[in-house]
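Hi,

Here is the structure I promised to pass on. Have a look at it first, and then read my notes underneath.

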Number of protein chains: 2
Amino acid sequence: MAASALERGMDKSLQIAEARVPLDPNQEDRAQFIRDSLRDAIVDRRLSPGTKLSEAEVGTLFDVSRTVVRAALQMLAFEGLVKVERNRGAFVSDPTPEEALQVFASRRLIEPGIIAAVIERVTAADIAAFRSHLAEETRHKQERGAAARRAEIKASGDFHLMLASVAGNAILQKFMDELVARSSLVIALYGRSGASSCGHNDHADLLDAVEARDVPRAQALMLRHIGHIEADLDLRVKAGLTLKDALAL
Amino acid sequence: MAASALERGMDKSLQIAEARVPLDPNQEDRAQFIRDSLRDAIVDRRLSPGTKLSEAEVGTLFDVSRTVVRAALQMLAFEGLVKVERNRGAFVSDPTPEEALQVFASRRLIEPGIIAAVIERVTAADIAAFRSHLAEETRHKQERGAAARRAEIKASGDFHLMLASVAGNAILQKFMDELVARSSLVIALYGRSGASSCGHNDHADLLDAVEARDVPRAQALMLRHIGHIEADLDLRVKAGLTLKDALAL
DNA sequence: AAAACAGATATTGCGTTCAATCTTGTGGCT
DNA sequence: AGCCACAAGATTGAACGCAATATCTGTTTT
């Protein structure tokens with residue numbers, strides 16, 4: 001319930017998922033583990049856009065050398081979640097309104113295709129998994145608080161990733177990974193209601209159409225859904241938010 | 001004709017573009033430079049799939065430390081052009097037939113969308129640039145030899161990249177970068193006639209439709225074109241090429 | 001007083017080094 | 001003779017340290 005109490009503890013340190021060495025999962029690929037932790041933190045908006053990710057600081061938090069941190073940051077840079085500037089360091093990226101539009105334009109292109117592939121390959125077990133996930137989603141939607149909202153955004157993204165996974169194309173799945181992560185960042189930045197779900201039940205409707213194997217309808221619902229998410233954005237806000245403007249109030 | 005003699009010279013060394021320190025272009029981002037050199041070499045098939053890219057060896061060739069090489073290899077791994085195996089090293093990727101199909105399925109999804117965007121934004125200057133590029137392409141097509149064939153494959157890919165660039169969506173452009181590179185690898189591996197252009201003039205036709213701003217026709221031509229490329233593949237060949245089979249002849 | 005310069009500090013870029021892991025070659029055992 | 005075990009060599013993984021660059025502070029100059 002009051003899970004947002006967790007967020008209090010962030011004095012001046014980075015406040016990533018685990019405060020210190022969450023134990024090496026399997027001792028392999030620590031860079032990947034750090035990348036995942038950072039990505040979750042970024043997508044969850046525990047790390048806000050523009051935040052500097054100092055190599056030394058992250059290294060201390062995870063108890064690894066800067067070498068490993070560097071690898072993780074480079075991966076995130078490829079996904080577009082952080083921006084690295086030469087001799088200056090890595091920062092959580094701060095997508096411009098234009099980039100935000102490009103993210104959704106890309107999704108509009110790819111996701112209908114994914115839907116078509118899903119309908120070709122989806123099994124009864126998949127449908128059950130989707131329904132179960134949907135229940136989880138609506139649960140979050142009814143809760144209050146920043147933590148629940150974050151969980152909702154994340155769950156909403158996961159729904160799309162599940163679709164991509166069922167579609168069975170590894171390349172498209174990777175693209176969707178990136179697009180969903182970037183979307184979360186955009187929504188966190190520009191979202192008006194904070195959640196992409198202002199009264200709609202898009203995922204449930206979409207799933208119905210998928211189960212009915214109605215390709216055109218499912219694709220139309222997907223496009224409508226993306227439209228809903230986009231409509232919830234207020235791209236003006238951040239447009240000219242320079243330090244000067246920010247302090248002018 | 002017997003231009004393939006060029007490939008003979010690769011005794012045991014890697015045979016990348018420049019034999020040694022091609023001068024730091026601007027002293028910045030040497031890793032990126034190495035990545036580009038390696039990518040060109042892979043796409044051109046001067047480095048064949050499966051080749052091991054030893055950190056030390058590449059480092060020596062470019063006269064940098066392994067640290068920088070590592071960064072370059074990691075980038076290529078993200079693009080899917082090399083595969084890194086833990087504690088074993090990096091290898092030029094060797095896409096399976098299934099991966100090959102996924103590459104083209106992805107392109108079928110994305111490129112028609114790019115075409116639509118292009119027709120919305122293309123200028124007369126762009127058209128001129130395309131025509132100029134096309135002339136270059138046909139020139140290569142009429143030449144003989146492995147070098148010309150490589151140049152043709154590369155030019156053909158560049159045409160699609162030019163389209164992506166005109167479309168004006170940086171994210172899709174990055175996706176296309178990856179897809180075109182992977183396509184080149186797949187064509188090099190599975191291509192029957194070696195070039196994607198067995199008698200067709202797809203690019204010219206496509207460009208005509210774009211200039212006429214006929215979206216449906218241009219999209220149809222794009223799909224047909226991708227179909228042509230795919231039809232030129234022989235995915236059986238490599239299908240079961242295990243060591244055992246390879247030696248069975 | 002504001003701008004500009006200069007030194008001090010912090011951070012990144014990257015070469016080097018040591019430990020861990022994989023590969024290869026040799027020798028003993030069945 | 002064939003197979004397994006073991007050791008030597010080679011290669012990657014990751015920490016460390018130094019040099020280069022950017023940032024910050026305090027002072028000087030206009």
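Below is what I found, starting with the DNA and moving on to the protein.

First, the ground rules. This is a predicted model, with local features needing pLDDT of at least 70 and side-chain atom pairs counting only at pLDDT 80 or more, while totals for chains, interfaces and linings use all residues. Residues are numbered from 1 along each chain as its sequence is written, chains are lettered from A and ligands numbered from 1 in the order in which they are written, and side-chain values use heavy atoms, with hydrogens and water left out.

**DNA strand C**

Which residues come nearest to DNA strand C? Out of the 17 around that strand, they are A:Arg70, B:Arg30, B:Ser65, B:Thr67 and B:Arg88. Sugar and phosphate make up 75% of the strand C atoms that come within 4 Å of the protein. I call a residue near a molecule or strand if one of its heavy atoms lies within 4 Å of it.

Several polar contacts go to the phosphates of this strand; the term stands for a pair of N or O atoms within 3.5 Å (within protein, one must be able to donate a hydrogen and the other to accept it, and residues adjacent in sequence count only if both atoms are side-chain atoms). The side chain of B:Ser65 has an N or O atom 2.3 Å from a phosphate oxygen of DNA strand C. For B:Arg88, a polar side-chain atom is 2.4 Å from a phosphate oxygen of the strand, and for B:Arg30 the distance from a side-chain N or O atom to a phosphate oxygen is 3.0 Å.

By class, the surface near DNA strand C has 2 nonpolar, 6 polar and 9 charged residues. Ala, Val, Leu, Ile, Met, Phe, Trp, Tyr, Cys and Pro count as nonpolar, Asp, Glu, Lys and Arg as charged, and the others, Gly among them, as polar. Helix 3 (66-79) of chain A and helix 3 (66-79) of chain B each supply at least two residues of that surface, and the largest share, 3 residues, comes from helix 3 of chain B. Helices (H or I, at least four residues) and strands (E, at least two) are DSSP runs, numbered from the N terminus.

**DNA strand D**

Here, too, 17 residues are around the strand, and those that come nearest are A:Ser65, A:Thr67, A:Arg88, B:Arg66 and B:Arg70. Of the strand D atoms within 4 Å of the protein, 76% belong to sugar or phosphate and the rest to bases.

What does the side chain of B:Arg66 meet on DNA strand D? One of its N or O atoms is 3.0 Å from a base nitrogen. B:Arg70 places a polar side-chain atom 2.4 Å from a phosphate oxygen of DNA strand D, whereas B:Asn87 uses a backbone N or O atom, 3.4 Å from a phosphate oxygen. Helix 3 of chain A and helix 3 of chain B are the elements that give two or more residues to the surface near this strand. The largest share, 3 residues, comes from helix 3 of chain A.

**The sheets**

In chain A, 3 strands form an open antiparallel sheet in the order 1-3-2. Strand 1 (52-53) and strand 2 of chain A are at the edges with a single partner strand each, so one side of each has no neighbour in the sheet. Helix 3 of chain A packs on this sheet and touches strand 1, strand 2 and strand 3, its direction making about 115° with that of strand 2. Contact means heavy atoms within 4.5 Å; axes are lines fitted to C-alpha atoms, for helices over the stretch in contact, and angles run from 0 to 180 degrees between N-to-C directions.

Strand 2 (residues 82-85) and strand 3 (residues 89-92) of chain A pair over 4 bridges; two strands pair if DSSP finds at least two bridges between them. A:Glu85 stands opposite A:Gly89. These two strands form a hairpin with 3 residues between them, and A:Asn87 in the turn has a positive phi of about 60°. 

Chain B also has 3 strands in an open antiparallel sheet, in the order 1-3-2. Its strand 1 is joined to strand 3 by 2 bridges, with B:Lys52 opposite B:Phe91.

**Salt bridges**

There are 39 salt bridges over all chains (a side-chain nitrogen of Lys or Arg within 4 Å of a carboxyl oxygen of Asp or Glu). One of them joins A:Glu111 and A:Arg107, at 2.7 Å from N to O. Both lie in helix 4 (residues 97-121) of chain A, 4 residues apart, about one turn of the helix.
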